[in-house]
Amino acid sequence: MSLLALGGFFYGIQTLLDPPLWVYAAGLGALLVGGMLLWLGSRPRRATLQAVDRMDGVAFERCVARLLRREGFSAIALTAASGDYGADIVARRDGERYIFQCKRYGRNIGITPVQEIHAAASHYASDVEVVVTNQYFTPNARVLAEETGVLLWDRDDLAAMLRGALPRESAEETEL
């Protein structure tokens, strides 16, 4: 066997063992795309009212809890899904204990959530009671909330929170 034939033999084996350049490029591209997908998936996504309207109740409660954390609340805890005594979230801010009832509905909110959160106040020893919704409140709910001191955060307040602003009632309280 000549030296030239032996060199060609080794070159053929090396060509079989070394993949072409496009294989390296494809692998690098796959790593980059995978990394971008992981990065995009781990980034906090800004919720929109349309996304909130599609959430189920538990997802809405988690969304509100995240917004509360961003708004300066601490010690945020979601209550049990059932047997929660009328409150979905317990949190603290400025030394006060807040309880929240979250209602993600497709219609305006009546008096029942106002009654429930007001009744929950003694169980949770809260200082402030709030009903948060993706809709609006009926006139009767507004009257009862005024009489009981329950704060109502409606669709407009939720939109403000999603944009990074405090709801109207909280803004008024913190300006005092």
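**Notes on a predicted helix-and-strand model**

1. Let's begin with a pair of helices: H4 passes H7 in a left-handed crossing. Before going further, bear in mind that what you have in front of you is a predicted model. The axes of H4 and H7 come within 10 Å, and the angle at which they cross is roughly 60 degrees. That angle makes H4 oblique to H7. On the H4 side, the residues making the contact are Phe60, Leu67, Leu68 and Arg70, and H7 answers with Leu158, Met161, Leu162 and Arg163. Sorted by class, the contact of H4 with H7 has 6 nonpolar residues, 2 charged ones and no polar ones.

2. Now a step back for the overall layout. The protein has 8 helices and 5 strands. If you walk along the sequence, the pattern you meet is α-α-α-α-β-β-β-α-β-α-β-α-α. Of its 176 residues, 36% count as buried. Among contacts with a separation of 6 or more, 53% come from residues 24 or more positions apart.

3. Which residues touch the most other members of the largest nonpolar core? They are Phe60, Leu68, Phe73, Ile89, Phe100, Val130 and Trp153, out of 25 residues in that core. Several elements feed into this core with at least two residues each: helices H3 (49–54), H4 (57–70) and H7 (155–163), together with strands S2 (89–93), S3 (96–103), S4 (128–133) and S5 (151–153). H4 gives the most, with 6 residues. Two names here should ring a bell from point 1, as Phe60 and Leu68 of H4 also take part in the contact with H7.

4. Ile89 is a good place to look at this core from the inside. Leaving out residues up to four places away in sequence, Ile89 touches Glu61, Val64, Ala65, Leu68, Ile76, Ala77, Leu78, Thr79, Tyr98, Ile99, Phe100 and Cys102. Beyond this core there is a second, separate one of 15 residues, and its members include Ala87, Ile117, Ala120 and Tyr124.

5. There is another helix pair to look at, H5 (residues 112–124) and H6 (residues 139–148). Their axes come within 9 Å and cross at roughly 20 degrees. This makes H5 roughly parallel to H6. The crossing of H5 past H6 is right-handed. Val114, Gln115 and His118 of H5 meet Ala141, Leu144, Ala145 and Thr148 of H6. By class, that contact has 4 nonpolar and 3 polar residues, with no charged ones.

6. Next, zoom in on Ala91, which sits in strand S2. Is Ala91 buried or exposed? Its relative accessibility is 0%, so Ala91 counts as buried. Setting aside neighbours within four places in sequence, Ala91 is in contact with Phe73, Ser74, Ala75, Ile76, Glu96, Arg97, Tyr98 and Phe100. Take Ser74 from that list: Ala91 and Ser74 are 17 residues apart in sequence, while their C-alpha atoms are 5.9 Å apart in space.

7. Ala75, one of the contacts of Ala91, deserves a look of its own. Ala75 is found in strand S1 (residues 74–78), and its phi is near 50 degrees, a positive value in a residue other than glycine. Ala75 counts as exposed because its relative accessibility is 56%.

8. Asp94 also has a positive phi in a residue other than glycine, here near 55 degrees. You'll find Asp94 in the loop between S2 and S3. With a relative accessible area of 65%, Asp94 is exposed.

9. Last stop: Ser126. Where is Ser126 placed? Look in the loop between H5 and S4. Although it is a loop residue, Ser126 counts as buried, at 14% relative accessibility. Apart from neighbours within four places in sequence, the contacts of Ser126 are Arg97, Ile99 and Ala121. Two of these have come up before: Arg97 among the contacts of Ala91, and Ile99 among those of Ile89.

How values were computed. Residues are numbered from 1 along each chain as its sequence is written. This is a predicted model: local features need pLDDT of at least 70, side-chain atom pairs count only at pLDDT 80 or more; totals for chains, interfaces and linings use all residues. Side-chain values use heavy atoms; hydrogens and water are left out. A nonpolar core is a set of buried Ala, Val, Leu, Ile, Met, Phe, Trp, Tyr and Cys residues joined through side-chain atoms within 4.5 Å. Buried means under 20% relative accessible area, exposed over 50%, partly exposed in between (1.4 Å probe, protein chains only). Helices (H or I, at least four residues) and strands (E, at least two) are DSSP runs, numbered from the N terminus. Contact means heavy atoms within 4.5 Å. Axes are lines fitted to C-alpha atoms, for helices over the stretch in contact, and angles run from 0 to 180 degrees between N-to-C directions. Angles under 35 degrees count as roughly parallel, over 145 as roughly antiparallel, 65 to 115 as roughly perpendicular and the rest as oblique. A crossing is left-handed if the near helix is turned anticlockwise from the far one by less than a right angle, and right-handed if clockwise. Ala, Val, Leu, Ile, Met, Phe, Trp, Tyr, Cys and Pro count as nonpolar, Asp, Glu, Lys and Arg as charged, and the others, Gly among them, as polar.
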